Amino acid sequence: MSSPIVKLVAQRIALGILLLLAVSVLIFAGTQILPGDVAQAILGQSATPESLANLREQLGLNQPAYIRYFHWLGGVLTGDLGTAMSSGQDIATSIKERLWNTLFLAFWAAIVAIPLAITLGLIAVRYRDGWVDKLISGVALASTSFPEFFIGYLLVFYFAVQHQWFPAISTVYDGMSFGERLQAIALPAAALTLVVLAHMMRMTRAAILNVMQSAYVETAELKGLSASAVIRKHAFPNAIAPIINVVMLNLAYLVVGVVVVEVIFVYPGMGQYLVDHVTKRDVPVVQAVGLIFAAVYITLNIVADIAAIVANPRLRHPK
Amino acid sequence: MVDGKAKSGPLLDIRNLRIEATVYPPGEVPRTITLVHDVSLTLEKGKVLGLIGESGAGKSTIGLSSMGYGRGGVRITGGEVILNGRDILKGGKEGLRKLRGREVCYVAQSAAAAFNPAHRLMDQVVEATLLHGTATRAEAEKRAVALFKKLSLPNPETIGERFPHQVSGGQLQRVMTAMALCSEPDLIVFDEPTTALDVTTQIDVLSAIKDAIRDTHVAALYITHDLAVVAQVSDEIMVLRHGRLVEWGGTRQIIKEPRQEYTNALVSVHEIEHQEQQPGTTPMLSVKNVTAAYGGGHIKVLKNVSVDIFPGQTLAVVGESGSGKSTLARAITGLLPPEQGSVVFDGRTLANRLADRSKEDLRQLQMIYQMADVAMNPRQTVGTIIGRPLEFYFGMKGRERDKRVAELLDEIEMGKGFIDRYPAELSGGQKQRVCIARSLAAKPKLIICDEVTSALDPLVAHGILKLLLNLQQIEKVAYLFITHDLATVKSIADSIAVMYRGEVVRYGPKSKVLTPPFDAYTDLLLSSVPEMEIGWLEKAIKGRRMESAGN
């Protein structure tokens, strides 16, 4: 690869790391602003001032905030996310399994949603302004406009209650076979797909339509290429950058925004974990999950940026 | 070539072609307009027919109809297009797709835009050939390389591996011609293939196209607005106006003995009488040793440029794209502060940066741009556009302002009726006139005209140039006239600066600059301007070869 690309990619990665550090400061500061502290939370209302002071001393809460921040950050960088107050368990261990579950669900939702959205986008462009286009746009928009919990319950009602094809509760546990897992996540994955589909589909359609105005599309038509070949071979490769961007945003949503869907289907993922511990005011867990979500978001956006850079032939093949 | 076709009769026979489009004017009911009114033409195998006319004449529309193609919402609603003995309009979509890229190929005006930036050139060049199955990939690529050689492209063996952005505009235009020839069609439609090129590049591309047409015996429709260009390549010329046929005849007849008044006007368009004024003693504006750069001083675009402009006179700055002529205007106006050197106006040095200049300095220097339509706010009326400088510089309001706007409209030969019109309702020439009135409203001493006639049809451009000269007489305003068109320069300049790669290579009064002995670049520039004379191209190319052999 040539030097301008390497430079641009390095810049993006450096920016991403910087951004992640800034976010970690924000997360830490945000949890500090909350009233009460960990010692108070652990010992509860009836704690005596002496026991509070002792525990604070023990947990290092008397140290200035910036020292505690660096202490926390140092832990995070070495893989130590602290211990959950509510259960006393190591956060890293409990997150590991749940993060894996969330990624598993997001992966299968993405595997269905992304090709489907892009294909529908291509079809919509091919039959633009006709009834096919309007049907695709209408259905996709409607599915996005419904709140995700509504879609979730609709799926449960139809596929779990009435037809009993899939379980209503997506519990997964160790020792489940791959097929069983897939069956368990079918409904939440479908709900997520319906939520993210329209955004990606419409962006694909808009990006390609934008390119369809170009002179090179006319050139392709005048070579005798069929309408779908023109879209596939000549329009799509030039519309890839905005499409990648929106796909990555939706991927990030699949990981970060699944809270509601996970709660509906009682799926043991990150979202459930976060919601549980927010209600328990378990600050170290909230910090850790917040940081992981931020990292996922930033990483996917960097990937989108880099993909857009690499997709540009001007940068890939400089003069 | 396609077999089983009629061997007798012309290759292309268009009969009573009628083309319509639906337009959607804002705030009005959509209506159907007719772009081409019952035009007929025939083209024999291996012949070249030039289609000529100003914009809106329907020449591209007719050209594309030979492929059954309508741009945007354009529809062929009447007539027959008979190609190789069959009416292609009756062949349906599938039939059209089979002939496009095989029997008929297209060369677009801007090859830079017409090549897909995402694919390598070779893949695009052989695409139509492979699609129609007339050759294997290896054969097609061999053919393409041979064509690259014929069109004298550098590195013909490897140029196909490049991406469009890695190749210059003139080369791309030749690659596009190779692309059209690669599937060995019977007919090629050339749609203004050299219009977007510099004149020095145009001559090479033109000669490459001409040789390729001759050697491959392909027939061609050559669409252009430049008669001098079409006279070099065509056997016959068809003059069109407003979608109607004006005149159709042999090339010699059209340019030497035009029968129609309109053709005559096209043929004699370039002549404007202008008495050259001698430079005065004190220049009004002096550019002194200006050096300017983009990218934080990395890319020097102006190198030590010095020119003078005298009151009420015209300095023409000529050069090809990238020579720094527009940058000179940006440096003078302060949009691009010079790194070194200074601009002296009326005896005082102007601040380098636009933001540091007084309102009075701003008023004295006005600009007119190439693209009149994007230089005006589409949501303001002509009255508001012209009235704005009156309010801004002179605080004029109400009736006083309206009176002055009306006077200015009179000066640009447009009536009061235009005051309430919006730019979208004006023609290209009228838009440029409004821009001229807007700059005059400030009562400047100098107007910088940046390629103001380049986007206009020759007859309209002619009118604008005459207007500018008249206004110079009335208002005593000086012009800095930036152009790549030497005919314009000859018509209006008092002095000329020839720029090449950021430097002034020749500078002086017009008569001196245009009199030999020339420096090499000016000679190249002058000898590249097409003349309306059959055989000019061969002579010019021969002259060049001899020179390069002798040098």
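This passage describes a helix pair in chain A and a sheet with a covering helix in chain B, as they appear in a predicted model.

In chain A, a good place to start is helix 5 (residues 91–126), whose axis comes within 8 Å of that of helix 12 (residues 270–279). The two axes cross at roughly 130 degrees. Angles over 145 degrees count as roughly antiparallel and those from 65 to 115 as roughly perpendicular, and helix 5 and helix 12 of chain A are therefore oblique to each other. On the helix 5 side, the contact is made by Arg98(A), Leu99(A) and Thr102(A), which meet Met270(A), Gly271(A) and Tyr273(A) of helix 12. By class, this contact between helix 5 and helix 12 of chain A comprises three nonpolar, two polar and one charged residues.

Turning to chain B, six strands make up an open sheet with mixed pairing, and their order is 16-17-18-13-19-20. Strand 16 (365–368) and strand 20 (503–509) of chain B each have a single partner strand and stand at the edges, so one side of each is left without a neighbour in the sheet. On average, and with direction ignored, neighbouring strands of this sheet are turned by 15 degrees against each other.

Within the sheet, strand 13 (residues 314–318) and strand 19 (residues 495–500) of chain B pair in the parallel sense, over four bridges. Val317(B) has Ala497(B) of strand 19 as its bridge partner. At the strand 16 edge, helix 16 (residues 428–441) of chain B lies across strand 16 and strand 17 (446–450). Helix 16 of chain B runs at about 175 degrees to strand 16 of chain B.

How values were computed:
Residues are numbered from 1 along each chain as its sequence is written. Chains are lettered from A and ligands numbered from 1 in the order in which they are written. This is a predicted model: local features need pLDDT of at least 70, side-chain atom pairs count only at pLDDT 80 or more; totals for chains, interfaces and linings use all residues. Axes are lines fitted to C-alpha atoms, for helices over the stretch in contact, and angles run from 0 to 180 degrees between N-to-C directions. Helices (H or I, at least four residues) and strands (E, at least two) are DSSP runs, numbered from the N terminus. Angles under 35 degrees count as roughly parallel, over 145 as roughly antiparallel, 65 to 115 as roughly perpendicular and the rest as oblique. Two residues are in contact if their C-beta atoms, placed from the backbone, lie within 7 Å. Ala, Val, Leu, Ile, Met, Phe, Trp, Tyr, Cys and Pro count as nonpolar, Asp, Glu, Lys and Arg as charged, and the others, Gly among them, as polar. Two strands pair if DSSP finds at least two bridges between them.
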